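Me: I would like to learn how to read a model like this one, starting with the order of its elements and ending with a single residue. Could you take me through it step by step?

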Amino acid sequence: PSDPFIQPNSSSTSFILVGVPSLESFSPLLGVFFCFAYVVALLGNGVVLLVLGLDTSLRAPSHLFLAMMAAVDVVMVTSVVPKMLGTLWMESPGISPAACFLQMFLVHSATSGESGVLLAMALDRYVAICHPLRYRIILCPRAVAQIALAIVLRALLFITPLMAMVTKLPYCASRLIPHSYCEHEAVAELACADPGPSGLYSAASSSLIVGMDVAFIAASYGVILHAALRKDRCRRALSTCGCHVGVMLLYYGPGMVSIWAQRAGGRVSAGARVLLADLYLILPAMLNPFVYSARSEQIRRAVLRTL
């Protein structure tokens with residue numbers, strides 16, 4: 001029988017994105033929200049990148065890490081939201097295998113990259129508070145460049161084996177992806193062969209990356225608080241690190257909830273799981289410029305000068 005999700009002009013080899021399962025009647029409203037979030041994310045992160053690129057006084061390591069985060073956020077939302085809006089608004093759910101796998105590559109490498117940037121920011125705060133006199137020596141331009149390269153290489157080393165396993169799977173059954181973007185598990189479950197190895201690799205590698213990053217971030221803040229209490233600089237340390245902690249909560253909080261919902265299976269509806277995964281990608285990218293960059297007095301002044 002014909003599939004109601006397949007459009008007349010769709011290629012038979014294309015995947016079909018369902019959108020948000022069980023919430024099809026709310027697709028126009030969801031599209032409005034995601035479009036608004038996408039525009040805000042592009043404007044906010046675009047202004048941050050523009051200001052950091054034009055103002056030569058903003059060349060501290062912390063500013064360079066902010067630029068990296070803004071760039072990763074732009075890549076993350078741009079790889080997902082435009083196609084998502086096509087599915088929700090224009091009833092154009094078809095996506096070619098090449099575009100689907102490219103979207104998967106960008107999404108998963110961007111999430112790994114963002115976690116790496118958060119770890120680099122924690123290192124920056126640790127050096128700035130615990131070793132202020134050696135800040136410029138430890139985080140010299142060469143060291144910052146090496147950190148940035150390490151973040152990119154780690155993301156590529158994580159995603160390349162996963163993409164190799166997923167693209168080699170035979171897809172000869174249903175092409176309906178019960179998701180609004182090409183999320184790895186949703187696509188791999190459509191394979192005719194056993195997707196277990198790729199799922200195991202994805203779970204193990206992502207848990208290792210996030211676990212290590214969270215452990216190092218927590219350790220760095222433990223040392224920061226200990227040093228601040230000993231030197232009577234607790235208030236200054238908390239003020240300096242408060243924005244970074246807010247960004248981490250924005251990123252890891254929805255991520256943990258989304259992972260829990262995926263593992264809960266039938267206890268959480270498919271629509272709720274997909275919606276949580278969408279918010280995990282879009283909300284941090286939309287709010288990061290305001291939670292972190294907009295609270296920096298130097299960046300606020302630079303924005304006013306630029307405008």
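**Reading the fold, the core and one residue**

Reply: We start with the order of elements, which from the N terminus on runs β-α-α-β-α-α-α-β-α-α-α-α-α in this protein. The model is predicted, and its secondary structure comes to 10 helices and three strands.

Me: How much of the protein is buried, and what share of its contacts with a separation of 6 or more joins residues 24 or more positions apart?

Reply: Of the 307 residues, 46% are buried. Among the contacts with a separation of 6 or more, 79% are between residues 24 or more positions apart.

Me: How should I read a nonpolar core, and which residues of the largest one touch the most other members?

Reply: The general idea is that in soluble globular proteins nonpolar side chains tend to be buried together. Here the largest nonpolar core has 57 residues, and those touching the most other members are F34, L52, L118, M121, I217, L281 and I282. At least two residues of this core come from each of α1 (27-54), α2 (61-89), α3 (97-130), α5 (141-167), α7 (196-230), α8 (234-264), α9 (270-291) and α10 (297-306), with the largest share, 14 residues, supplied by α2. Another core, of 21 residues, lies apart from it and includes F15, L17, C100 and M104.

Me: How are α2 and α9 oriented where they pack?

Reply: One looks at the angle and at the distance between the axes, and for α2 and α9 the angle is about 135 degrees, while the axes are 9 Å apart. The two helices are therefore oblique to each other, and their crossing is left-handed.

Me: Which residues of α2 and α9 meet, and how do they divide by character?

Reply: From α2 come M69, D73, M76, V77, V80, V81 and M84, which meet D278, L281, I282, P284, A285 and N288 of α9. By character, the residues of this contact divide into 10 nonpolar, one polar and two charged.

Me: Taking M76 as a single case, is this residue buried or exposed, and what does it touch beyond the residues up to four places away in sequence?

Reply: M76, which has its place in helix α2, counts as buried because its relative accessibility is 3%, where the cut-off for buried is under 20%. Leaving aside residues up to four places away in sequence, M76 touches A110, T111, E114 and L281. As an example of separation in sequence and in space, M76 and Q103 are 27 residues apart along the chain, and their C-alpha atoms are 9.3 Å apart.

Methods:
Residues numbered from 1 in each chain as written. Predicted model: local features only at pLDDT ≥ 70, side-chain atom pairs only at ≥ 80, totals over all residues. Heavy atoms only, no water. Core = buried A, V, L, I, M, F, W, Y, C linked by side-chain atoms within 4.5 Å. Buried < 20%, exposed > 50% of the residue type's maximum accessible area, 1.4 Å probe, protein only. Helix = DSSP H or I, 4+ residues; strand = E, 2+ residues; numbered from the N terminus. Axes fitted to C-alpha atoms, helices over the stretch in contact; angles between N-to-C directions. Parallel < 35°, antiparallel > 145°, perpendicular 65-115°, else oblique. Left-handed = near helix turned anticlockwise from the far one by under 90°. Contact = heavy atoms within 4.5 Å. Nonpolar A, V, L, I, M, F, W, Y, C, P; charged D, E, K, R; others polar.
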